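Start with the space inside the fold, then turn to a strand pair. Keep the sequence at hand.

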Amino acid sequence: MAMAAAPALKHWRTTLERVEKFVSPLYFTDCNLRGRLFGASCPVAALSSFLTPERLPYQEAVQQDFRPAQVGDSFGPTWWTCWFRVELTIPEAWVGQEVHLCWESDGEGLVWRDGEPVQGLTKEGEKTSYVLTDRLGEGDPRSLTLYVEVACNGLLGAGKGSMIAAPDPEKMFRLSRAELAVFHRDVHNLLVDLELLLGIAKGLGKDSQRSFQALYTANQMVNVCDPAQPETFPAAQALASRFFCQRGGESQHTIHAIGHCHIDTAWLWPFKETVRKCARSWVTTLQLMEQNPEFIFACSQAQQLEWVKSHYPGLYSRLQEFASRGQFVPVGGTWVEMDGNLPSGEAMVRQFLQGQNFFLQEFGKMCSEFWLPDTFGYSAQLPQIMRGCGIRCFLTQKLSWNLVNSFPHHTFFWEGLDGSHVLVHFPPGDSYGMQGSVEEVLKTVANNRDKGRANHSAFLFGFGDGGGGPTQTMLDRLKRLSNTDGLPRVQLSSPRQLFSALESGSGQLCTWVGELFLELHNATYTTHAQIKKGNRECERILHDVELLSSLALARSAQFLYPAAQLQRLWRLLLLNQFHDVVTGSCIQMVAEDAMHHYEDIRSCGNTLLSNAATALCAGDPGPEGLLIVNTLPWKRTEVMALPKPGGAHSLGFTPSPGDSAQHGLCSCSCPHLAAAPAAPAACVCSARAPTNSASRPPPAKTDGSVTLDNGIIRVRLDPTGRLTSLVLVASGREAIAEGAVGNQFVLFDDVPLYWDAWDVMDYHLETRKPVLGQPGTLAVGIEGGLRGSAWFLLQISPNSRLSQEVVLDIGCPYVRFHTEVHWHEAHKFLKVEFPAHVRSSQATYEIQFGHLQRPTHYNTSWDWARFEVWAHRWMDLSEHGFGLALLNDCKYGASVRGSILSLSLLRAPKAPDATADMGRHEFTYALMPHKGSFQDAGVIQAAYSLSFPLLALPVPGRAPTTSWSAFSLSSPAVVLETVKQAESSPQSRSLVLRLYEAHGSHADCWLHLSLPVQEAILCDLLERPDPAGHLPLWDNRLKLTFSPFQVLSLLLMLQPLPH
């Protein structure tokens, strides 16, 4: 009679390692369980390939000339594509078995079967086999032909030597495995159980009873399981099931496991490769949904779905089918996962407007949660923008990357600049690419900073950044862990289920007020200056085109609003606001694509401006005229350069027509000497010669200095172009700190710890080197009249130089610095500094639809972590009664430390784009001293005026002889930001106006309209009318009420025009 094995004392480490070796892919695979995962195998019947530098569609690729190929072949180089034709014959002996095509190659593969994509293949994404059949039937075909399309790049690009290095253009790729094999599903299931038991033993540790239970269960499974005898497997499986079926208690934390595949719309690979990444990732996900009906996958970014719709219509229709089943869940509501800092407020609105409308049209519903897991900080205006777009919840995790301070919450309410609230959740595992391990599950619970306040957490699983997505193994792990004693409860869930659970228990949640500032990646405010400039210019062009087209629609029955063209241009701009493009943290190919996109927007935008101007002047015959357009909502009196015969320009003085009008048009009948007033919001006015407008010519002093004086401010430059004095003439108040100089260019060493294009470290401030000019380089430019200027040259280094024109116009409250830089550096950072004769512990920075304060001191770690911050068009340092504002036309990086205002100009990182920022740059910044608060002094208006110059548009006929203004506002606190045609009615005469309160005050404001308005209704940011939002019209005026930083949108229905 056989004796049962006597219980033995077990040594923790040897027992643990015994189980590890039993499942190891490296050790003892000749006799362990892992070595039995695949059984019989045979080579493919025939293999041939075709190499192309193009990304060809399937129908075209399969027509090409395929040459014989074999395992071990190399192909490439980087960004090429190798198509393989794989001919298979399955052995008769494999009937009843699960049969896989085992494929291992460098690069990213996509399997095509019967003309449709069926699965992605990547070693990095743990997808190295394709299931031909889960059980080979007697009548199933034994021979078939597949195609495998292999992109010559990895999941994360093709960096030379490191992930973020510039791509290696000569990199070659290799096919290392292509064969048929029998797959043993029972072995796979045992491996999953044993790996989970090992994870529990390690994760719970030696102090836990449950840990020993897991280890002893695994050890006993090894005892009873003979890898060579499958009949022993059920006994081992029963031991595992007994363990996993022991349930947890009712108070267990619940983990909501949501499938996800974060795909950067462009980053270390070009936009065109992302199209294929989407197909590879999502077709694999569809396969998993078919096999796992409880599996739910969250997918963001309307742009990527639109690409798949265009390039893979069959795949797209299946995505729609699974969306209707509730398994494929569109999330986020935006066109792309944009940067959270740099896009304008209006651009952020358009992300949601384009995204939500796409999701509604294509999937029948809008998104209820904003999804932005991987961007470099989050503007304080996002909560208001989310709420205005029908979104109440927000998921991200990037603040887990903070370098200095640990963010105190994972689940909380976020209060925005205007007081709007949204519910925010950061997955406590601090990742959007989980793989379903016990370690990750335990970290999710242990790391949760809101224990006792929130008992639910998100767990986003699937390979991400470069795509890939979830695997069947991940799903098997998570299903096995659904309710096991000693671990949190795990359920396959959806974003809506997660947020519903969080909302129902939100009574104890804390509130975070203001911006969510990422304490890392703050060089992305400056890297790739040309991209930043293109972004700002294109935001301006689209603003101006929409305004002029709206006025043309209101005034001309024949004019067709260019809705389709504008949608295309907006989508192009929004695409480039993706969080690795506008930030400059992308490879050279992507930067070049972005520059081509901006050129497309500029070119088409200028054509549309011209079309609208022509329509506005239709019906007035006469010689060619010039239409002067003020696209801002306040009166402006400005000097501008106007075209004259022969292609030259002359200066003109353009004031407003004299009423309180704002957006306005004016004609210019004498284009060589224009002095035309510009009324607000599209005003038309005639040009005239200036009266009493000559400014004093700049006297050049014998010491080589130059003074510019327009009666408002007086500027003194030293012989090298630095600012030694800036005086507000009326009060005699000096703006530059005593004994200091402004317009001081400074160079810093700029070597971060790793993320080259992304990071500037605090220690760069210790390497400050002022750039000193040569006395005598300062010269007088324009000697007064409408404009006075001086210019100088500055040698920054042996390789880089700068030239600058310092300009002061008549009537202008700020001095402009037009700058041209030829920049050829490595790991240097160029800034310009202005030490102010002002003392304040807070500086103010413009953000989307408003502004916020940040400290000028380093009292706490939260303060000094913000040594480099972002702003839009202006920043200001004010004490009571006086302040100094620094304006710009295309910069974002900034800081104020003590009393020194600093604007970040150029960087020179070498990864992932070795050419980033090299070459010629042009930009303008301006300095504005002011009496009183920046609000009352008009700093906000001045910064807009710098970025939105008056337009002088040639028109084929006579421009209108009387100036005309479409809109005006009674309160300087309110900005009319946008005028456009309503989205919902491309054929109707409806406009949308977007206004915001810019001072941070409660304000009542009358909006005066010169358009034939029939009806006015308040609407949300998606242009959905507010049922209680009808506004009465009083003498063509609407009364609007604002709270601080509130954004309001109006729908205006215009009266029909007589034809």
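Which residues lie nearest the centre of the largest cavity? They are Ser344, Glu539, Arg873, Phe948 and Glu977, out of 17 lining residues. The model is predicted: local features need pLDDT of at least 70, side-chain atom pairs count only at pLDDT 80 or more, and totals for chains, interfaces and linings use all residues. Residues are numbered from 1 along each chain as its sequence is written, and side-chain values use heavy atoms, without hydrogens and water.

A cavity here is a set of points on a 1 Å grid over the protein atoms alone, where a 1.4 Å probe fits but cannot get out; lining residues have an atom within 4 Å of a point. The count is 10 cavities of 30 Å³ or more. The largest holds about 210 Å³, a volume being the space filled by probe spheres set on the points.

Helix H14 (529–555) and strand E48 (974–981) each supply at least two residues of this lining. H14 gives the most, with five. By class, the lining of the largest cavity has seven charged, five polar and five nonpolar residues.

Now turn to strand E26 (residues 706–709). Both of its faces are covered. Val706 and Leu708 are buried (under 20% relative accessible area, 1.4 Å probe, protein chains only). On the other side, Thr707 and Asp709 are buried too. In a regular strand, side chains alternate between the two faces of the sheet.

E26 runs antiparallel to strand E27 (residues 713–717), and four bridges join them. Thr707 has Arg716 as its bridge partner in E27. Three residues lie between the strands of this hairpin, where Gly711 takes a positive phi near 85 degrees.

Technical notes
Buried means under 20% relative accessible area, exposed over 50%, partly exposed in between (1.4 Å probe, protein chains only). Two strands pair if DSSP finds at least two bridges between them. On a 1 Å grid over the protein atoms alone, a cavity is a set of points where a 1.4 Å probe fits but cannot get out, and a pocket is an open set with protein on both sides within 12 Å along at least five of seven lines; lining residues have an atom within 4 Å of a point. Ala, Val, Leu, Ile, Met, Phe, Trp, Tyr, Cys and Pro count as nonpolar, Asp, Glu, Lys and Arg as charged, and the others, Gly among them, as polar.
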